[in-house]
Amino acid sequence: MFSLDLLFNLALLVALSVLSGFIDKRWDRNRRSGQLLQGLLFGGAAVLGMLRPLVAGPGLIFDGRSVMISLCALFFGPVAGSIASLLPLGLRIQLGGVGTLVGCLVILSSMTLGWLGHRRLRRSGALPSTGQLHGFGLLVHLAMMALMLALPAELVWTVEKTIGPPVLLFYPLATILVGKILTDQLTARSALQALQRQARELQQRNVELERFNHTISHDLKSPLVTSMAFLSFLEQDLASDNRERIASDLHHLRTATRQMEQLLDGLLRFSRLGQPGEPPQSFFYDELIEEVQVLLGGLLQQHQVALEIRPCRLRLLAQRPRLLELWQNLIENAIKYRRADQPLQIRLGVISEPTATARFYVGDNGQGIEPGYAEKIFGLFEQLDRNTPGSGLGLALAKRIVEQYDGRIWVESAGAGQGCCFFFTLPAALADPRPPRC
């Protein structure tokens, strides 16, 4: 009888994992809708398992609910795990009997251990291995057997002796089976998302290549033509020993050379964005902004910038140098396009909404942008004011970094002289997809 009940629960677990993968493809597990559906699925499967339990005595039943609830919390988080626990809890209380308290405690302990495992996986950024799944399943069911001590004293030894060995042997194996199916589904989904991301990047690269060809033929050629012209003038002025014109020629040559250097440096930085960098590391948003302040300290002090920072304890999981460069470029852009008639104020912060991913912002009271240029400014070598120093690559670099983390960037401005605010999202850089408390 035990074997038949165990086979029923195993078949239910396999079917559950397949249905879970189907839901995961259509409803993101990081959103409330996906977590709700996963919780209902696992909770419903746990209830079905409880309708065909192993009966150890009047009011004393064993089934696969501990496996289902713990795995739901492990893979989909505390929200899904809590939802998955509610249905079995209600049914177990309704069934009643001597094992009611223990049954409810097992449900709660399974959810809690799954949630703790989920937090650990989030921090590591890795999927559980076979050994980790077995250890997790063993821990959940050792806790279950420990909770049997809450039974009446005359039942404890009988239950531990008859139920303990098969539970500690087969239930961790069931955890491995279903856990590996869920892990394989996640791996396949991640691989598909990576391919889709690469396809988008290739399409973007083609657009950038066309722009690059224009740059080679125009932007890079321009300082070369200037240098050649003033070299010719310099030869003539040296021959006539016109010191004033010689100084002017040298000034123009230095300016052209500096412009060429900026363009080449910008192209080099842009090209490196497509190459694999250092592995992602975990850090807080506040720590990142503090480092940006240190790196730009001299520039901020030189231009007497008033920096207004809204603190937010948001954990990020990304390549730190890339995000440093993102915030640096946006702040340097604000300094570059400041207004001469008033002190520059820059605002940094995070906007948290319950139904959306975190939105970062960098706002200023600078020159502002006309709405018609809101998209153009993110192009390669685009500059609204050609008299402003720079290569026109800062915002293009910022856009590429944001896109590498599956985000988008846009600017809002009331118009010229009204300041502007850059908003951007970084979904793939959030260690915890839940909206932060800022």
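These are my notebook entries on helix packing, a cavity and a sheet in this structure.

**Entry 1: before starting**

I am working with a predicted model, so I keep that in mind for each entry below.

**Entry 2: α3 against α4**

I began with helix α3, residues 65–95, and helix α4, residues 100–124. I found their axes 9 Å apart, at an angle of about 165 degrees. Angles over 145 degrees count as roughly antiparallel, and α3 and α4 are therefore described that way. I also noted the handedness: α3 passes α4 in a left-handed crossing. Then I looked up which kinds of residue make the contact of α3 with α4, and I got 16 nonpolar, 12 polar and 2 charged residues.

**Entry 3: α3 against α5**

Next I turned to how α3 packs with helix α5, residues 130–147. Here the angle is about 130 degrees and the axes lie 11 Å apart. That angle makes α3 and α5 oblique to each other, because it falls outside the parallel, antiparallel and perpendicular ranges. I wrote down the crossing of α3 and α5 as right-handed.

**Entry 4: cavities**

How many cavities of 30 Å³ or more are there? I counted 3 of them. The largest cavity holds about 130 Å³ of space. I listed 13 residues lining the largest cavity, and those closest to its centre are I61, F62, R65, G103 and M148. Which elements give two or more residues to this lining? They are β2 (60–62), α3 and α4, so my helix pair from Entry 2 turns up again here. By class, I have the lining of the largest cavity down as 7 nonpolar, 3 polar and 3 charged residues.

**Entry 5: the five-stranded sheet**

I then moved to an open sheet of 5 strands, with mixed pairing. Reading across, I get the order β4-β6-β7-β9-β8. Why is one side of β4 and of β8 left without a neighbour in the sheet? Both β4 (306–309) and β8 (409–412) stand at the edges, and each has a single partner strand. I also looked up the turn between neighbouring strands of this sheet, which is 15 degrees on average, direction ignored.

**Entry 6: strand pairs, one by one**

I followed the pairing from the β4 edge inwards.

- β4 pairs with strand β6, residues 345–351, in the parallel sense over 4 bridges. A306 has Q345 in β6 as its bridge partner.
- β6 and β7 pair in the antiparallel sense, over 6 bridges. I noted I351 with its bridge partner R359 in β7.
- β7 (residues 359–364) and strand β9 (residues 420–425) run antiparallel and are joined by 6 bridges. Opposite V362 I found F422 in β9.

**Entry 7: to look at again**

If you have the structure open, try R65 and G103 at the largest cavity, as both are among the residues closest to its centre. For the sheet, V362 facing F422 in β9 is a friendly place to begin.

Methods
Residues numbered from 1 in each chain as written. Predicted model: local features only at pLDDT ≥ 70, side-chain atom pairs only at ≥ 80, totals over all residues. Heavy atoms only, no water. Axes fitted to C-alpha atoms, helices over the stretch in contact; angles between N-to-C directions. Parallel < 35°, antiparallel > 145°, perpendicular 65-115°, else oblique. Left-handed = near helix turned anticlockwise from the far one by under 90°. Nonpolar A, V, L, I, M, F, W, Y, C, P; charged D, E, K, R; others polar. 1 Å grid on protein atoms, 1.4 Å probe; cavity = no way out; pocket = protein on both sides within 12 Å on 5 of 7 lines; lining within 4 Å. Points joined across faces, edges and corners; volume = space filled by probe spheres on them. Pairing = 2+ DSSP bridges.
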